[in-house]
Amino acid sequence: MKTRSFLSIVFCSILTSYTAVAQNGKLYVPEDGLSSSFINQIYQDNDGFIWVATESGLNKFDGITFTQYLNTPNDSTSIKSNYTRCLLEDDDNNFLIGFYNGLMRYDKASDLFHHISVYSDGTEMSPHITQICKLRNGEIWLSTSGRGLFKYDSERDVAVNIGELMEKLQIYVVNNLFEDSKGRIWLSTEYNGVVRIDSCHQTFEIY
């Protein structure tokens with residue numbers, strides 16, 4: 001609950017700056033068009049839109065109004081779940097959305113969503129994506145709750161598990177990942193504390 005409260009405060013700050021309302025804040029609640037107040041991530045895309053991932057839908061804010069994206073049964077171009085966890089847009093404008101049951105890519109031109117297959121050892125699955133991170137070398141890594149780490153392949157539009165590293169780590173429930181200025185990757189895990197992976201992605205330490 002503390003995390004959600006913090007995100008709500010950050011969201012208010014971002015929106016206040018975005019709408020250029022001098023010294024005036026505004027609290028946005030579901031009555032204003034936001035699909036839910038249970039916020040998992042706030043993200044600004046390359047076009048300046050503010051996206052809000054919530055536990056009851058995905059929202060896009062243009063500075064005035066919210067556009068809600070919700071799951072529509074039997075429609076593969078809608079979001080695959082209303083439980084939206086994380087967001088990231090890369091330099092090639094691949095806008096990725098992580099859900100509790102898999103990964104999708106948003107197509108701005110068509111305003112539609114496309115399923116991205118996620119593979120572990122050749123088997124397709126629907127993992128709970130907890131974080132999407134672009135590394136300094138251009139790679140995009142995904143952390144999951146229960147399946148470890150994956151890497152997004154933009155050319156094939158799929159994500160595959162990082163097998164060799166995961167065999168060394170033997171840690172599969174990862175809540176978040178972050179790359180520092182030295183190229184080291186930090187993982188916050190559910191049961192194994194904080195893990196630091198070296199910049200060559202070969203060795204690690206557990207704290």
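These notebook entries record what I looked up in a predicted model of one protein chain.

**Entry 1. The chain as a whole**

I began with the secondary structure and found 2 helices and 17 strands. Of the 207 residues, 46% count as buried. I then took the contacts between residues at least 6 apart in sequence, and 44% of them join residues at least 24 apart. The chain exposes about 10,700 Å², of which carbon and sulfur atoms supply 48%.

**Entry 2. The nonpolar cores**

I next asked which residues have the most contacts inside the largest nonpolar core. They are L58, L87, L103, F113, I132 and L142, in a core of 27 residues. I noted the strands that each supply at least two residues of this core, among them β2 (50–54), β5 (84–89), β7 (102–107) and β8 (112–120). The largest share, 4 residues, comes from β6.

I followed L103 further, leaving out residues up to four places away in sequence. L103 touches, among others, K80, L96, I97, H114, I132, L142 and A159. I also recorded a second, separate core of 15 residues, which includes W141, I162, L165 and L169.

**Entry 3. The sheet β1 to β4**

I traced an open sheet of 4 strands in the order β1-β2-β3-β4, with antiparallel pairing. β1 (39–44) and β4 (66–69) each have a single partner strand, so one side of each is left without a neighbour in the sheet. I read an average twist of 20° from one strand to the next. Between β2 and β3 (residues 57–61), which run antiparallel, I found 5 bridges. One residue I looked up here was I50, whose bridge partner in β3 is F61.

**Entry 4. Aromatic pairs around Y28**

I obtained a count of 13 aromatic pairs. The ring centres of Y28 and F61 lie 5.2 Å apart with the planes at 65°; since an angle over 60 degrees counts as edge-to-face, I entered the pair as edge-to-face. Y28 sits in the loop between α1 (2–18) and β1, while F61 is in strand β3, 33 residues apart. Both Y28 and F61 are buried.

Y28 also forms an edge-to-face pair with F66, at 5.5 Å centre to centre and 75° between the planes. F66 lies in strand β4 and Y28 in the loop between α1 and β1, so this pair ties together parts that are 38 residues apart in sequence. F66 is buried, as is Y28. I noted in addition one aromatic cluster formed by Y43, W51, Y69, F95, Y106 and F113.

**Entry 5. The sheet β14 to β17**

I then examined an open sheet of 4 strands, ordered β14-β15-β16-β17 and paired antiparallel. Its edge strands, β14 (174–179) and β17 (204–206), each pair on one side only. Neighbouring strands of this sheet are turned by 20° against each other on average, direction ignored. β14 and β15 (residues 185–189) pair in the antiparallel sense over 5 bridges. Within that pairing I located N176, whose bridge partner in β15 is S188.

**Entry 6. T203**

Where does T203 lie? I placed T203 in the loop between β16 (194–197) and β17. I classed T203 as partly exposed because its relative accessible area is 49%, and the exposed class requires over 50%. Leaving aside neighbours within four places in sequence, T203 is in contact with R196, I197 and D198. I also checked T203 against K168, 35 residues away along the chain, and the C-alpha atoms are separated by 8.3 Å.

Note on methods
Residues numbered from 1 in each chain as written. Predicted model: local features only at pLDDT ≥ 70, side-chain atom pairs only at ≥ 80, totals over all residues. Heavy atoms only, no water. Core = buried A, V, L, I, M, F, W, Y, C linked by side-chain atoms within 4.5 Å. Buried < 20%, exposed > 50% of the residue type's maximum accessible area, 1.4 Å probe, protein only. Contact = heavy atoms within 4.5 Å. Areas by Shrake-Rupley, 256 points an atom, 1.4 Å probe, with all protein chains shown as cover. Pairing = 2+ DSSP bridges. Axes fitted to C-alpha atoms, helices over the stretch in contact; angles between N-to-C directions. Phe/Tyr/Trp six-rings, centres within 6.5 Å; stacked < 30°, edge-to-face > 60°.
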